[in-house]
Amino acid sequence: MRPNRYLPVIIAIVSIAVTLILWQRLVSWERQSLKRDVEAKTAAFKDDISDHVLFRVAALGRMGRRWEYSGKLSKADWEYDAKNYINDYPSIESIELVGTDLRARWRVPAGRGNARAESGPSADPVKTAAFLKAKESGKPAISHPADLPSGEKGFYACLPLYSKDGLKGFIAAAFKSRELFDTVLLVMRPLEMDDYAIGVLDGEDILYANHPGSPGAAEFADELDLPLYGVTWRVRMGLNPAYLSRTRSILPGAALALGFVWTFVIVSAVHFAQAARLKGKDLEAANLSLRHEILVRREAEEKATRSNRLYSVLSKVDEAIVRTREPETLFREACRICVEEGRFLMAWVGMKDPETQLIRPVAYWGVEEGYLENIRISAAAELPEGRGPMGTALREGRYFVCSDIEHDPDVAVWREAALKRGYRSSAAFPLFLGGRAVGALSLHAAEPGFFDESLIGLLNSLSADISFAMDSAEAEKKRKTAEEALKKSEALLNKAQHIAHLGSWEWDIVNNTLAWSDVIYEIFGLRKDRFGATYEAFLNTVHPGDRKSVVDAVNDAIHKKKPYLINHRIVLPDGSIKTVRGQGDVTRNASGEAVRMVGAVQDITERKKMDDELSEYRDHLEELVEARTAELKAVNRELEAFTYSASHDLQEPLRIVAGYMQLLSRRYKGRLDSDADEFIEYAVDGASRMQRLINDLLSYSRIGRRKEFRTIDTGEAVRSALTNLKASIEESGAAITYERLPKIEANSQISNVFMNLIGNAMKYRGEKPPQVRIAAERLANSWQFSVSDNGIGIEPRHHDRIFEIFQRLHGKTEYPGTGIGLSICKKIIENHGGRIWVESKPGEGSTFYFNIPDRKEVKYAKN
């Protein structure tokens, strides 16, 4: 056979062989591409189901841990929490609180009213099996598929609840399969539910199917096992025929058809070659899209892994809160768990010093390497050390994140030290005590932008749990302190009762039982085992002479609502007699009937004896006082009369002596020798001083004569004194100020007080002109006046001495006077029922105070 003869046949055979091989490869590539797509979607759907179920069960777990830690659960709290979770997760049909006997205490169904209790243990064997599985493992358990009360297909998630005493019950949530898995499918993008046959099975039971019939029983189906809390679901997914008909490529068939004629239609072959090339570009684009989807999926998986680690951190910190009562230990455990479970580089807790605003570390864990010792952190906004995450979180009471330590200007003061230890981002979350931010939890990560919104939400929950533990620890500390104080108080009360011979009693009127404290038994000299502990037994101890009075007092308290308060005698078993004081209050029921009396008994035998003796002494003392008072009144009258008479009798011869001495001074001064002039001058000065002294004594004696009180305008009294002192005021250049001086009940001698005090202010002045200020202040039952000056002042040790008669602190050559002026002031003020005193220091002036009792309503005088 010649070659050129069979060449077309050979070319045809080769062409057909190449066409068949190409067709087979294209069909195989298309099937593999569809198979990979289904596998990727099946894995994504499985992971999303796992994430959603784990997230919801973890949420129920946190709710349960809060109830475990609080130790108390009210129906209102349960209903509030359960409704919130049902609202947040619509796929939950109901939440139940179940006791250890598998009886539902409260059940909150979705979209209904208040929580209701169910009677009897659970009759659903599927749910019961889940409860027993959770009880045996001590962990959450998921049931096999079950028909829910609403008629929908679903399953139960059961979580055990523990207290310090062991298992206390379960939380059971009923999940509606269709709503849950439809939610998962809606989250997946891109995914058209009608293009895929999707199903979730538990053994042979169908938990979910998006199309009727066998779930996932379609071409290119894939199946994966999903173990969750004691059950293993199978996730199936396949392509529907309608989707295959739309997406199946015509390239294999076209290649097969065109291959037979490519020898004859080269142009068509070229055309199909170009089409194949274009198809290759589309395939490349599809591959790129697939790689991008894989990358996005990987990032999502990393975030999910990070979130799962944070859930583990929350769970273990909550366990530490249950175990630990000391805040410092809890802080250290929380930091350790954050580093070991949450994979943070370093975690630390800082507390704020209220005075310095500095934040001091109290616990840390991880790669620290002296970082906390070498930095300074403050909560003050005006300092550079207060603008970082920790200071801002404490100051503003909210979390604060630094996503990039290397480029954030607010952390410049710590940048070098942080980068050296590998910190690239950080966040701080405030810790509250009694609603006030007192500290913060700071976390450091090894990569920038580590803290996303999902992590921040979980870490906020972590700081809230730690804050709750701090509040609980503080409350526990206050409770223990109160208990210790109560014990001390009770011990002191018992001791005080023994010292005061005072005991307490309680009488149950309805049952006629009487309870005495130990002190009463000691007072009555009785033993508990020999006392009948009834009202009649008490009356038998009362002295026969006082028994009727005691009965009447008790009846008046019960029937007439009078106070029970009586002193009476009692007879002890040895025949001795004591006097006691009894008192008590009656408690009545809603109908007003007396049901109980509570009171006290005090042994007043010694006090009664002393009162009797004091009464005798008092009677005798009153007689002596009356006699002594009459004698003193007579002596005072004689003394006043003598002083007044002596002062008048001394005036006349003194005026004659003074007159003749002045006459000698005018007529013979300079005519005799210098000694005679000096003697005459001494005599004239002595006579003048003697005359002033007698006048002052006369004034002092007149003060003792009581004058009737009337309404005195103290402003007018001051002006009268200033008129009398006009010459001295002008000579010294004094400035006198006063305002708002009241009208008071007094006598006219009050003007002499102001005149003496103002005169002293000018007499004992310093180098500057005198400045005197007069003021009045209303006290509870009196008016307090003050006279202040800028004079030479008085030593504190002389403050009382200056008010005594004839007491002078200076020589007569320094300051003139007789030493009677302040004595006159004191006597006038005391006659008004008040007192006078001074506050002064040398060189700082003096302030004289005196008060006048307020005898009636007064009004301010207008000056």
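**Note on P573 and strand β16**

1. P573 lies in the loop that links β18 (564–571) to β19 (577–588). The model is a predicted one, and the points below should be read that way.

2. Is P573 buried or exposed? P573 counts as exposed because its relative accessibility is 59%, and the cut-off for exposed is over 50%.

3. Which residues does P573 touch, leaving aside those up to four places away in sequence? They are F524, G525 and L526. Take F524 from that set: P573 and F524 are 49 residues apart along the chain. Their C-alpha atoms are separated by 8.2 Å.

4. Now to strand β16, which spans residues 502–508. β16 has two faces, one covered and one uncovered. G503, W505 and W507 make up the covered face. L502, S504, E506 and D508 make up the uncovered face.

5. β16 pairs with β20 (residues 594–603). The sense is antiparallel, and the pairing runs over seven bridges. S504, from the uncovered face of β16, stands opposite A600 in β20.

6. β16 also runs antiparallel to β17 (residues 513–516), joined by four bridges. Here W507, from the covered face of β16, stands opposite L514 in β17.

7. How many residues lie between β16 and β17 in their hairpin? There are four. N512 sits in the turn and has a positive phi of about 55 degrees.

Terms used: Residues are numbered from 1 along each chain as its sequence is written. This is a predicted model: local features need pLDDT of at least 70, side-chain atom pairs count only at pLDDT 80 or more; totals for chains, interfaces and linings use all residues. Side-chain values use heavy atoms; hydrogens and water are left out. Buried means under 20% relative accessible area, exposed over 50%, partly exposed in between (1.4 Å probe, protein chains only). Contact means heavy atoms within 4.5 Å. Two strands pair if DSSP finds at least two bridges between them.
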